[in-house]
Amino acid sequence: MSTVSAPRRSKPGWNLLGLLVFAVAGFPVYWMLNTAFKPAKDAIDPEPSLLPTGVTFANFGRALDIADFWGPVGRSLAVSLTVVAIGVAVGMLAALAISRFAFRGRKIVIVGILAVQMVPLVAMIIPVFLLLNDLNQYDRLSGLIITYLTFILPFTVWTLRGFIVNIPKELEESAMVDGCTRTGAFVRVVFPLLAPGMVATSVYAFIQAWNEYLYALMLLSQKNQTATVWLGNFTTKHGTEYAPMMAGATMMAVPIVALFLLVQRKMAAGLTAGAVKG
């Protein structure tokens, strides 16, 4: 006898919970945009309105007038893209070695990668400052790049390892039987399957480097400041100019949103690539 599956019951409670989570997560973004486009006097109203009270672009002009905008943004882009390129390239090779080769101390390396990610970044600020000062890398973008790699590289290695582990070894072995070298098997077989995972890892690494504030503040002078530190210029002795600050934050969010829109398909595929073994 064939069994007829019972119709799936709707769960309004879960749907309501999902909407609540979405509202809580999306409200800061909505408030940032609402404040960025409202008149400056309404941004400091003791009884702010949840709905837009008016639309103005004057806050963006004020944000650009307070301090140089393109310089910090250009430096942030240069630092973030360099960190992503080096981190993903080195992280992919390290993840491949950990996943595919058995060597002495392999477990120690894996535990070390996890241990590094557990150390709070604020706990390393003084040793990093002293080390970069000794290496003549203080107040240089190259020193900031090296610093960012110390916590982004372990993240990329661990993430890419999860993707590589879920790619069957038999695919490489079949390619090698057909005449490919180990490098050729990786380039022709493993790399195309790993590409979505690399995209997802690159996006998250870019977001970490782009949004980092503490090290950029402590290791760079004002002439070399990045975009996140640039936002601090809106706090003056006369108080905080919230409307221009939110306008600046909106402009800073544009590269992240644009990057996500460009790679959203591959990013979604990368996030689910390691969900099923084989």
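**Notes on a predicted model**

1. Let's start with Asp42, which is buried at a relative accessible area of 15%. The cut-off for that word is under 20%, so Asp42 falls on the buried side of the limit. Please keep in mind as you read that this is a predicted model. Which residue does the side chain of Asp42 meet in a salt bridge? The partner is Lys41, with 3.3 Å from N to O. Lys41 is exposed, with a relative accessible area of 62%. That makes a nice first example: Lys41 is exposed, whereas Asp42 is buried.

2. How many salt bridges does the structure hold? There are three. Another of them joins the side chains of Glu241 and Arg62, at 2.8 Å from N to O. Glu241 sits in the loop between strand E2 (239–240) and helix H12 (242–273), while Arg62 belongs to helix H3, so this pair ties together parts that are 179 residues apart in sequence. Both ends are partly exposed: Glu241 has 24% relative accessibility, and Arg62 has a relative accessible area of 38%.

3. Arg100 and Glu172 also form a salt bridge, and their closest N and O atoms are 2.5 Å apart. Here too, distant parts of the chain are linked: Arg100 is in helix H4 and Glu172 in helix H8 (residues 169–177), 72 residues apart. Are these two residues buried or exposed? Arg100 is buried, with a relative accessible area of 13%, and Glu172 is buried at 6%.

4. Now have a look at helix H3 (residues 58–66), where Asn59, Phe60 and Ala63 are the buried residues. Viewed down the axis of H3, these buried residues fall within an arc of 100 degrees, so they line one face of the helix. Ala58 and Asp65 are exposed on the other side of H3. A general point helps with reading this: an α-helix has 3.6 residues a turn, so residues three or four places apart point the same way.

5. Thr35 is a good residue to find next, and its place is in helix H1. Thr35 is buried, with a relative accessible area of 5%. What does Thr35 touch, once residues up to four places away in sequence are not counted? The answer is Ala43, Asn59, Tyr242, Ala243 and Met246. You have already met Asn59 as one of the buried residues of helix H3.

6. Stay with helix H1 (residues 12–37), which also holds Leu20. Unlike buried Thr35, Leu20 counts as exposed, at 52% relative accessibility. The cut-off for exposed is over 50%, so Leu20 qualifies with its 52%. Leu20 is also part of a nonpolar surface patch of about 540 Å², made together with Trp14, Leu17, Val21 and Val24.

7. The aromatic rings deserve a point of their own. The count comes to twelve aromatic pairs. One of them, Phe69 with Trp70, is edge-to-face, with 4.9 Å centre to centre and 70 degrees between the planes. Its two members are covered quite unlike each other: Phe69 is buried, with a relative accessible area of 5%, but Trp70 is exposed at 63%. Elsewhere, ring pairs link Phe27, Tyr30 and Trp31 into a cluster.

8. Phe103 belongs to the loop between helix H4 (70–100) and helix H5 (106–118). With a relative accessible area of 36%, Phe103 is partly exposed. Not counting residues up to four places away in sequence, Phe103 touches Ala97, Ile98 and Val109. To get a feel for distances, try Phe103 and Thr53: these residues are 50 apart along the chain, and 64 Å separates their C-alpha atoms.

9. Finally, Trp158 lies in helix H7 (residues 141–165). Trp158 is partly exposed, with a relative accessible area of 32%. Which residues is Trp158 in contact with, leaving aside its neighbours within four places in sequence? They are Ile110, Ile113, Leu114 and Gln117. For Trp158 and Gly18, 140 residues apart along the chain, the C-alpha atoms are separated by 30 Å. It is worth setting that beside the 64 Å between the C-alpha atoms of Phe103 and Thr53, which are 50 residues apart along the chain.

Terms used: Residues numbered from 1 in each chain as written. Predicted model: local features only at pLDDT ≥ 70, side-chain atom pairs only at ≥ 80, totals over all residues. Heavy atoms only, no water. Phe/Tyr/Trp six-rings, centres within 6.5 Å; stacked < 30°, edge-to-face > 60°. Buried < 20%, exposed > 50% of the residue type's maximum accessible area, 1.4 Å probe, protein only. Patch = residues over 30% accessible without salt bridge, like charges linked within 9 Å, V, L, I, M, F, W, Y side chains within 5 Å. Areas by Shrake-Rupley, 256 points an atom, 1.4 Å probe, with all protein chains shown as cover. Salt bridge = Lys/Arg side-chain N within 4 Å of Asp/Glu carboxyl O. Helix = DSSP H or I, 4+ residues; strand = E, 2+ residues; numbered from the N terminus. Arc of directions from axis to C-beta. Contact = heavy atoms within 4.5 Å.
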